[in-house]
Amino acid sequence: MFGFSLFRRDRLIEGSADEGYRPEFVFGKPNSYRFQRIFGELHLEGFDVSHTKDGFQWDEQEDTFLVLLREHLDSVPLPLLGQAEEHRIRGSQRDLQRGAEKAAERTADVIRREVAPILEHQFAETPDSQPPAETLPEAATTSTREIDIELRGTPWRIVLDLTADPSVGDWIDVSDKVGTVPGARRSDPARRVVTVRVALAHPFMERFGGVSHDEIEPLLRVAAAIALSEITARESGVRMAGTLRRNINELLRGALSKP
C-alpha cells in the first residue's frame, strides 16, 4: 500500500490497504514518484471523525494541514519528497529487455503505418538552405534559462525557452543572433545568442512529455542536442543543416506523435 493510513486513538479511520491517503498537493499526480513510493502512518489528534467513522471532519482545516505536512515531509534531515523524486532504481536486464521490446514494437508499428508518406514528401522537398532566424516569433514563455559560456574566444549565450503557447507549431525551433554585450568595450567580441525553443503544447510532448520535470527534462535535452548540433554542423561547413530540424519537426508533428 502507498500513501498514508490516518489513525485516531489507535484506530484506522482513513487510508486502507487498498487506497491510502494521497492528496495531490503532497503526493503529486499518479505518475509521479512521490505518489508511487511514499507510505506511512499518521496519528491525528484534535479532529473529529464522520458519523460513519470512515473519514475525518476537517472543518476547512485540511488545506492548512496539507501545507504543514508537505513542509515536514520535505525538511531536513529526511526530505522524503525530494528523495522519492530523485532516487532511481536500475531495472533488471529482464525488465530492460521487456521495455525495449515493447517500445520497439510500438514504434515500428507507427513507422509502418504512418511514416512512408512523410518520407516521400521529404525526399521530394527542396533542402532548407536558410540559416536560423535571428529572432523567434513572439510566444508566451512558460520557462526560460540563460547559459553564458565562451567558445573560441567569443561570448555565447544559450537560451532555453519552453513555451506552452498553442500557436507554436514546431516541436523545436532555433534562432541565432550576434549582438553587442551591454557595457562591453568596442574592442570586445560581440556576443552570440542562440535560442532553443521547445513547444510543450506540441502533440509529441503532450503524448510523451508529461508535466513533471522527470518527464520534460529528457526530451528537452534531446531538443537542445539537436539544436546545438545544427549550429555546430553549420559552423563546420555543413550546408543546409536546418533540413534535419525541419524534417524532425514534420515527423514528430504527424506520424511519430500517434499511438
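The points below go through this predicted model, beginning with confidence and then turning to strands and aromatic rings.

1. On confidence, the protein averages a pLDDT of 88, and 94% of the residues score at least 70. Among the elements of the protein, the lowest mean pLDDT, 83, belongs to helix α4 (residues 80–86), whereas the highest, 95, belongs to helix α8 (residues 242–253).

2. Strand β1, which covers residues 3–8, is a useful place to start reading the fold, and it is mostly covered, since six of its six residues are buried. On the one hand, β1 pairs with strand β3 (residues 39–43) in the parallel sense over five bridges, and within this pairing glycine 3 stands opposite phenylalanine 39 of β3.

3. On the other hand, β1 is joined to strand β2 (residues 11–14) by three bridges, and these two strands run antiparallel. Phenylalanine 7 has leucine 12, in β2, as its bridge partner. The hairpin of β1 and β2 has two residues between the strands, and in this hairpin arginine 9 takes a positive phi near 55°.

4. Turning to the aromatic rings, a search of the whole structure finds 10 aromatic pairs. In one of them, the ring centres of tryptophan 171 and phenylalanine 204 are 5.7 Å apart and the planes stand at 75°; because an angle over 60 degrees counts as edge-to-face, the pair is given that name. This pair links distant parts of the chain, as tryptophan 171 lies in the loop between β7 (154–163) and β8 (172–179), while phenylalanine 204 lies 33 residues away in helix α6 (residues 203–208).

5. Are these two residues buried or exposed? Tryptophan 171 has a relative accessibility of 2% and therefore counts as buried, and phenylalanine 204, at 13%, counts as buried too, because the cut-off for this class is under 20%.

6. Phenylalanine 204 also pairs with phenylalanine 208, and here the ring centres are 5.3 Å apart with the planes at 50°, so the pair is tilted. Both residues lie in helix α6, four residues apart, which is about one turn of the helix. Phenylalanine 208 has a relative accessibility of 43% and so counts as partly exposed, whereas its partner phenylalanine 204 is buried.

7. Two further features involve aromatic rings. Tyr21, Phe47, Phe56, Trp58 and Phe65 are linked by ring pairs into a cluster. Separately, arginine 70 lies over the face of phenylalanine 25, at 3.9 Å from the ring centre.

Definitions and conventions. Residues numbered from 1 in each chain as written. Predicted model: local features only at pLDDT ≥ 70, side-chain atom pairs only at ≥ 80, totals over all residues. Heavy atoms only, no water. pLDDT = per-residue confidence, 0-100. Buried < 20%, exposed > 50% of the residue type's maximum accessible area, 1.4 Å probe, protein only. Pairing = 2+ DSSP bridges. Phe/Tyr/Trp six-rings, centres within 6.5 Å; stacked < 30°, edge-to-face > 60°. Lys NZ or Arg CZ within 6 Å of the ring centre and 35° of its normal.
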